[in-house]
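Q: Please take a close look at one part of this structure. Afterwards, kindly set that part in the context of the rest of the chain.

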Amino acid sequence: MSVLDLRRLTGVARQQALRLILIGPPGAGKGTQAAVLKDRYALAHISTGDMLREEVRRQSPLGLQAKTLMAAGRLVPDALILDMMAQRLQQPDVSRGFLLDGFPRSRAQAEALVSRLAAHNQPLHSVVQLDLQDEEIVRRLCLRRSCPACGRVYHLQSNAPIAAGYCDADGSALVHREDDNEATIRTRLAVFHEQTEPVIEFFRSVGLLQRVDASLPIEHVEHLIERLVQGALTKTSPLRTSRRLTAGKTRSLGRAVPR
Ligand code: ADP
Ligand code: AMP
C-alpha cells in the first residue's frame, strides 16, 4: 500500500455516498447497529458472515469450502473472501454508499480493501470500533437468536422478539447459530484478538478509527454512532501517518476503474 493509497483512503469524502466500516469482535453488536444505519443512510449493508451463510445454504462451491471453517469458528481463507467481495463491490447499489460488517478481518483483507478504495477514489468516512469485553460477548452470543430470512438478531434476555421464537419483522422461526456455542465463541474471540486487532490498530494509525463502548444499551450505542457519523460527514479526515500495514504483497480485490 502506497502513501498515495492511504491519502486517497482517508481523504475528504464530502458530498459523496457514506462509506463506513463497523469493526469489532463477534457479538459486539455490528449487525444490530447495521440494521439501523443501512435504513437511515440508504446504504448497502455488506456482511461477509451473512453472505457466507447464504453460500452454505445454497451449497455452492464457496459454501462447501467455508462450512466447516465457519462451524469451527475459524476464518475462511482470504483468497475466497476477496473473490466474493470483489464481486459484491461491483454491484450497482454500492455506489449509493456502503456499510461493511465483518470485513476486513485480516491484514491481507484490509490491504486489499484499502488498495481497491484508493483505486476507485472512494475514501472511507469512518471506521467505527464496537468495543466489548470477552465475557460479555460470551453472554450475548450464547443467547443470540437470528432470523434466517431477514438476518435480524435478537437476544433472549435483553432484546427478545415479541412472539417467542419468531421474527418480529417477517414471522420466520428464529435459529440458534451453530457457531454460537461457548467453545466456538471462545475460538472466534481468539481469532479476533490474533487476526483482526492488528486491522483495528491499522485504522487507528491512519486516523480513521472511532471507538464506541458497545456495552451500553442498544439505543445508546446507536446514538453514539449517529454522532460519530454526523461528525465524520462534516469534517475532513486528514492523513496522519504513512505507516504501512504490512510490507508484503497486496492481494487483489478487483481491478481499478480508470478515472
Ligand atoms: P455482531 O453482529 O457484532 O456479531 P449482533 O448485532 O448479532 O453482533 O449482537 C450480538 C447479540 O447481542 C445479539 O443477541 C443482540 O441482540 C445483542 N446485542 C447487540 N447490541 C447489544 C447491546 N448494546 N446491549 C445488549 N445486547 C446487545
Ligand atoms: P460473522 O457472521 O461475522 O460472525 O461471521 C461468521 C463466520 O463467517 C466467521 O466465524 C468466519 O468463519 C466467517 N467469516 C465472516 N466474515 C469473514 C471474513 N471477512 N474473513 C474470513 N472469514 C469470515
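A: Ala164 belongs to the loop that runs between strand E6 and helix H8. The model is a predicted one. Ala164 has 10 other C-beta atoms within 10 Å, so it is classed as exposed; the limit for that class is 12 or fewer. Ten residues further along the chain is Leu174, and the C-alpha atoms of Ala164 and Leu174 are separated by 8.9 Å.

The two elements on either side of this loop lead to other parts of the model. Strand E6 covers residues 153–155. E6, helix H2 (30–41) and helix H9 (218–234) each contribute at least two residues to the shell around ligand 1. That shell holds 19 residues, and the closest of them are Gly29, Lys30, Gly31, Thr32 and His155. By class, the residues around ligand 1 comprise nine nonpolar, seven polar and three charged.

On the other side of the loop, helix H8 spans residues 182–205 and packs with helix H7, residues 134–142. The axes of H7 and H8 come within 10 Å, and the crossing angle is roughly 135 degrees. The two helices are therefore oblique to each other, since that word covers angles outside the ranges for roughly parallel, roughly antiparallel and roughly perpendicular. H7 and H8 cross in a right-handed sense. From H7, the contact involves Asp134, Ile137, Val138, Leu141 and Cys142, and from H8 it involves Glu182, Ile185 and Leu189. Six residues of this contact are nonpolar, two are charged and none is polar.

Another pair of helices, H3 and H4, leads to the second ligand. Helix H3 covers residues 48–58 and helix H4 covers residues 61–72. Their axes lie 8 Å apart, and the helices pack at about 115 degrees. H3 is thereby roughly perpendicular to H4, and it passes H4 in a left-handed crossing. In this contact Leu52, Glu55, Val56 and Arg58 of H3 meet Leu62, Gly63, Ala66, Lys67 and Met70 of H4. The residues involved are five nonpolar, one polar and three charged.

The loop between H3 and H4 contains Gln59. Although Gln59 is not a glycine, its phi is positive, at about 55 degrees. Gln59 counts as exposed because it has 10 C-beta neighbours inside 10 Å.

H3 and H4 each supply at least two residues of the shell around ligand 2. The largest share, three residues, comes from H3. In total 17 residues surround ligand 2, and Thr48, Gly49, Leu75, Val76 and Gly102 come nearest. The shell around ligand 2 is made up of eight nonpolar, five polar and four charged residues.

A third packed pair consists of helix H5, residues 78–88, and helix H6, residues 107–119. These two pack at an angle of about 30 degrees, and their axes are 10 Å apart. H5 is thus roughly parallel to H6, a description that applies to angles under 35 degrees. The crossing of H5 past H6 is right-handed. H5 contributes Asp78, Ile81 and Leu82 to the contact, and H6 contributes Ala108, Gln109 and Ala112. These contact residues comprise four nonpolar, one polar and one charged.

Loops on both sides of H6 hold further backbone features. Between strand E3 (97–101) and H6 lies the loop that contains Pro104. The peptide bond joining Phe103 and Pro104 is cis, with omega about 0 degrees. Asn121 is located in the loop between H6 and strand E4 (126–131). Asn121 is not a glycine, yet it has a positive phi of about 55 degrees. Asn121 counts as partly exposed because 13 C-beta neighbours lie inside 10 Å.

The protein as a whole completes the context for Ala164. It has nine helices and seven strands. Of its 259 residues, 38% are classed as buried. Among contacts with a separation of 6 or more, 77% are between residues 24 or more positions apart.

How values were computed: Residues are numbered from 1 along each chain as its sequence is written. Chains are lettered from A and ligands numbered from 1 in the order in which they are written. This is a predicted model: local features need pLDDT of at least 70, side-chain atom pairs count only at pLDDT 80 or more; totals for chains, interfaces and linings use all residues. Axes are lines fitted to C-alpha atoms, for helices over the stretch in contact, and angles run from 0 to 180 degrees between N-to-C directions. Helices (H or I, at least four residues) and strands (E, at least two) are DSSP runs, numbered from the N terminus. Angles under 35 degrees count as roughly parallel, over 145 as roughly antiparallel, 65 to 115 as roughly perpendicular and the rest as oblique. A crossing is left-handed if the near helix is turned anticlockwise from the far one by less than a right angle, and right-handed if clockwise. Two residues are in contact if their C-beta atoms, placed from the backbone, lie within 7 Å. Ala, Val, Leu, Ile, Met, Phe, Trp, Tyr, Cys and Pro count as nonpolar, Asp, Glu, Lys and Arg as charged, and the others, Gly among them, as polar. A residue is buried if 20 or more other C-beta atoms lie within 10 Å of its own, exposed if 12 or fewer, and partly exposed in between; C-beta atoms are placed from the backbone. A residue is near a molecule or strand if its C-beta atom, placed from the backbone, lies within 6 Å of it.
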